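Student: I am new to this one. Could you help me read it, starting with the ligand?

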Amino acid sequence: MSIKSEIQKFKKILPKNVKLIAVSKTKPNEDILEAYVAGQLHFGENKAQEMSEKFVSLPPDIKWHFIGHLQTNKVKYITPFAHLIHSIDSIKLLGEVNKHAYKNQRIVDCLLQFHIATEETKFGLDLREAQSILDCDYFKTLLNIRIVGIMGMATLTDDKEMIRKEFRYLKNCFDELKAEFYPDTDSFKEISMGMTDDYQIAIEEGSTMIRIGSAIFGARNY
Ligand SMILES: *Cc1c(COP(=O)(O)O)cnc(C)c1O
């Protein structure tokens with residue numbers, strides 16, 4: 001199947017409240033343009049420099065999502081233009097994003113990344129850590145960032161029930177934070193969960209953003 005037909009397939013099958021993020025990491029600009037011409041505007045990247053290089057050479061109306069682990073010294077590359085940063089996993093990183101967002105006179109939308117998988121290798125917060133970020137006085141001074149939801153990656157496994165449990169846990173964390181910190185804030189509404197192999201389960205469990213790479217662009221060669 002072509003990139004174009006995959007994009008069209010997703011547009012047809014996705015519920016209205018679920019946004020498709022086409023994960024274009026490692027893929028060339030021609031592939032991104034093929035998806036763009038098919039009507040796809042939201043793209044995800046996991047390396048700061050790669051994303052900023054693609055940003056300058058591709059159409060300006062593309063919305064760039066940063067989905068990888070973000071080091072504080074790379075924040076400056078993406079904060080001038082990022083549409084959404086999915087991978088905030090510390091108050092220090094959030095402070096750094098705020099600093100560069102202020103310099104660029106922007107308010108940058110961010111998600112808190114949760115660790116829901118059993119693998120140690122995946123980054124992210126637990127519920128208590130997320131609560132302590134949203135609760136601290138320093139957080140309340142960060143006026144150039146806005147937390148619009150949370151993100152998580154399930155364990156890489158064939159065990160569908162395990163994946164479902166992890167996504168359900170993430171949805172519960174979202175509901176807790178919503179009730180505690182954002183009961184009257186409509187913009188806190190995103191749950192970024194689901195990739196090529198598990199997006200159907202993620203949607204059933206309440207995902208609002210799925211991050212799809214290989215199903216659209218084919219396997220990646222690293
Ligand atoms: C690579 C990546 C994806 C997309 O993975 P596929 O399995 O190719 O769909 C989604 N989310 C994150 C955080 C990624 O790094």
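Tutor: Happily! A residue counts as near a molecule when one of its heavy atoms lies within 4 Å of it. Here the ligand is surrounded by Val23, Lys25, Ile67, Met151, Met153, Met195, Thr196, Arg211, Ile212, Gly213, Ser214 and Arg220. This is a predicted model, where local features need pLDDT of at least 70 and side-chain atom pairs count only at pLDDT 80 or more, while totals for chains, interfaces and linings use all residues. Residues are numbered from 1 along each chain as its sequence is written, and side-chain values use heavy atoms, leaving out hydrogens and water.

Student: Which side chains have an N or O atom beside an N or O atom of the ligand?

Tutor: A polar contact is a pair of N or O atoms within 3.5 Å; within protein, one must be able to donate a hydrogen and the other to accept it, and residues adjacent in sequence count only if both atoms are side-chain atoms. A ligand oxygen lies 2.7 Å from a polar side-chain atom of Lys25, and an oxygen of the ligand is 2.8 Å from a side-chain N or O atom of Arg220. For Arg211, the side-chain N or O atom is 2.9 Å from a ligand nitrogen.

Student: How much of the ligand does the protein bury?

Tutor: Accessible areas come from the Shrake-Rupley method with a 1.4 Å probe; for residues, only the protein chains shown count as cover. The ligand alone exposes 380 Å², and the protein buries 91% of that.

Student: How many helices and strands does the protein chain have?

Tutor: Helices (H or I, at least four residues) and strands (E, at least two) are DSSP runs, numbered from the N terminus. The protein chain has 10 helices and 8 strands. Its C-alpha trace spans about 50 × 45 × 35 Å along the principal axes.
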